[in-house]
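Q: I have a sequence and a structure to look at, and I am new to both. Could you show me how to read the features one by one?

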Amino acid sequence: MAGTAVVGANWGDEGKGKITDYLAGSSDVVVRFQGGSNAGHTVVSEYGKFALHLLPSGVFHQGVTNVLGPGVAVDIDEFLKELAELVDRGVPSPEVLVSERAQVVLPYHRMLDEYEEERLGARQFGSTRSGIAPFYSDKFAKTGVQLATLFDERLLRERVGYALEIKNVLLKHLYGKQPISEDSLVDRLLAAARAIRPFVTDTTAFLREALSSGKEVLLEGQLGTLRDPDHGIYPYSTSSSTLAGYACTGAGVPPNAIHEIVAVVKAYSSAVGEGPFVTELAGEQAEELRGRGGSDGEYGAKTGRPRRVGWFDAVATRYGCAVQGATCVALTNLDVLGYLAEIPVCVAYDVDGRGLTEFPTTPLLARAKPVLDRLPGWLCDVSDARRFQDLPAQARDYVAFVERVAGAPVQYVSVGPHRDQTVVR
Ligand code: GDP
């Protein structure tokens, strides 16, 4: 059995899509295990640049089976739209399976997400308004709808009718909107069920069989450690666990199937959405880093929002890798830092005059100020490097610094968004 989890060690947007696509070249199966269409995994493949939202990042490799596990929030319209878009843009139709146990994002999840952010106004969480928080709330409150239920009209009507008793009160009385009719919702869901049916199967049995026959299985996470609901910057977290520890549950494989945990770490920090962000830059420094970051500047792959950017945060990354249980690190966006003569890195937090090196809880984090050190920059373009020795000494030293922080070997260094801009050590 050989399962490898590819997970974010920071706030998300580390480049998991690029690393998963790279590793998918030598894998048989790629599984998304949590989150939904609020993700934005950017992959630059031979077919062009794509921002994948719900589909696993193995879809550009023929011969790879892509799975949406039971832990994923399946928005059927978005799923079908994304798949059609890939094929329209010339990607050979990928093999995709969707767990019959996964639950469905319902139209009122999107509505409630949007109306709640509107209601909160200045206090909003920065949700992508894809319905993810209401979806997971319903899942754990046992008012959700599993995909399998869509194929049993009587049961579907019963589930939806029960949920609408609550949702319509909220829609009408909290948000002042029109209630939803049970008949029109059920009709819409039955049509969606017909469209997604060819993809729906028992993926847990499929993965058990794949693992026992020695297939390589990648488990692709969404967002990163610091957005985990238990271990992240609650309440500025996402609504499902972003950790390798959850990958087995969300994908439907046993814990002992996961042998490698690749923590994806970004060479600087970036975050979308609200919440404390200790190394955040403002003004010209932020503009410069944002403009140079990622494949086309640091703008959200889902929303196009400018991402908040800051220097590398050793406190957050050490914690991020430890909580993931990193067995190795993929360090991305190293090329982006080539414009700096000296690279500031945050080595500790100052909280009320005390130096902290352990990542604190949200109330302390909000008062933390970065303690910065400076590492020598390399002042050149490293995006053509393909071997570790091609990197200048200062860049190799930066990698060694990240490795000490992460407590795990940096096995992959990404020097650009393209698949081949990857240095394997
Ligand atoms: P994900 O959600 O973790 O997959 O990350 P995103 O796709 O949201 O954001 C990562 C951004 O960085 C995307 O624009 C990628 O194309 C880009 N990217 C990934 N690795 C590298 C790299 O090594 N260098 C540069 N310049 N861009 C990268």
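## Reading the model feature by feature

A: Let us begin with a pair of charged side chains, keeping in mind that the model is a predicted one: E14 and K16 are both buried, and their side chains meet in a salt bridge with an N to O distance of 2.7 Å.

Q: How many salt bridges does a search of the whole structure find?

A: The search finds 23 salt bridges, and a good way to read them is to ask which parts of the chain each pair connects. R110 forms one with E78, where the closest N and O atoms are 3.6 Å apart. Because R110 belongs to helix α3 (residues 107-120) and E78 to helix α2 (residues 76-88), this pair ties together parts that are 32 residues apart in sequence. The two partners can also be compared by accessibility: R110 is partly exposed, with a relative accessible area of 26%, whereas E78 is buried, at 16%.

Q: Which parts does the salt bridge between D138 and K167 tie together?

A: The side chains of D138 and K167 meet at 2.8 Å, N to O. Since D138 lies in helix α4 (residues 132-141) and K167 in helix α5 (residues 153-174), the pair links parts that are 29 residues apart in sequence. Both D138 and K167 are buried. Salt bridges may also share partners, and in this way D13, K266, E298 and R307 are joined into one network.

Q: What span should the residues of α5 have, and how far apart are its end C-alpha atoms?

A: The idea is to compare an expected length with the one found in the model. At 1.5 Å a residue, the 22 residues of α5 should span 32 Å, and the C-alpha atoms at its ends are 30 Å apart, which agrees. The helix α5 does bend, by about 35° at L164.

Q: Which residues of α5 are buried, and what covers them?

A: The buried residues of α5 are L156, V160, G161, A163, L164, K167, N168 and L171, so that L164, where the helix bends, and K167, the partner of D138, both appear in this list. What covers these buried residues includes α3, α4 and α6 (182-196).

Q: How are two packed helices described?

A: In general, two packed helices are described by the angle between their axes and by the distance between the axes. Here, helix α10 (residues 314-324) and helix α12 (residues 393-406) have axes that come within 8 Å and cross at roughly 55°, which makes α10 oblique to α12. On the α10 side of the contact are A314, T317, R318 and C321, and these meet F401, V405 and A406 in α12.

Q: Is T203 buried or exposed, and what is it in contact with?

A: T203, which has its place in helix α7 (residues 203-212), is buried, with a relative accessible area of 0%. Leaving aside its neighbours within four places in sequence, T203 is in contact with V67, L68, P70, L97, V98 and S99.

Q: Where is P409 found, and what does it touch?

A: P409 is found in the loop between α12 and β19 (410-414), and it is partly exposed, with a relative accessible area of 44%. Not counting residues up to four places away in sequence, P409 touches T327, C328, V329 and E403.

Q: What should I look for in the backbone angles?

A: As a general rule, most residues other than glycine have a negative phi, and most peptide bonds are trans. Two residues here that are not glycine have a positive phi: D352, with a value near 50°, and L379, with a value of about 45°. D352 lies in the loop between β16 (342-351) and β17 (354-356) and is exposed, with a relative accessible area of 54%. L379 is found in the loop between β18 (369-376) and α12, and at 53% relative accessibility it also counts as exposed. The glycine G176, just after α5, takes a positive phi of about 65°.

Q: Which two residues does a cis peptide bond join?

A: The cis peptide bond joins Y234 and P235, with omega at about 5°, and P235 is found in the loop between β10 (216-224) and α8 (244-251).

Technical notes. Residues numbered from 1 in each chain as written. Predicted model: local features only at pLDDT ≥ 70, side-chain atom pairs only at ≥ 80, totals over all residues. Heavy atoms only, no water. Salt bridge = Lys/Arg side-chain N within 4 Å of Asp/Glu carboxyl O. Buried < 20%, exposed > 50% of the residue type's maximum accessible area, 1.4 Å probe, protein only. Helix = DSSP H or I, 4+ residues; strand = E, 2+ residues; numbered from the N terminus. Expected span 1.5 Å × (residues − 1). Bend = angle between axes of the 7 residues up to and from the residue. Contact = heavy atoms within 4.5 Å. Axes fitted to C-alpha atoms, helices over the stretch in contact; angles between N-to-C directions. Parallel < 35°, antiparallel > 145°, perpendicular 65-115°, else oblique.
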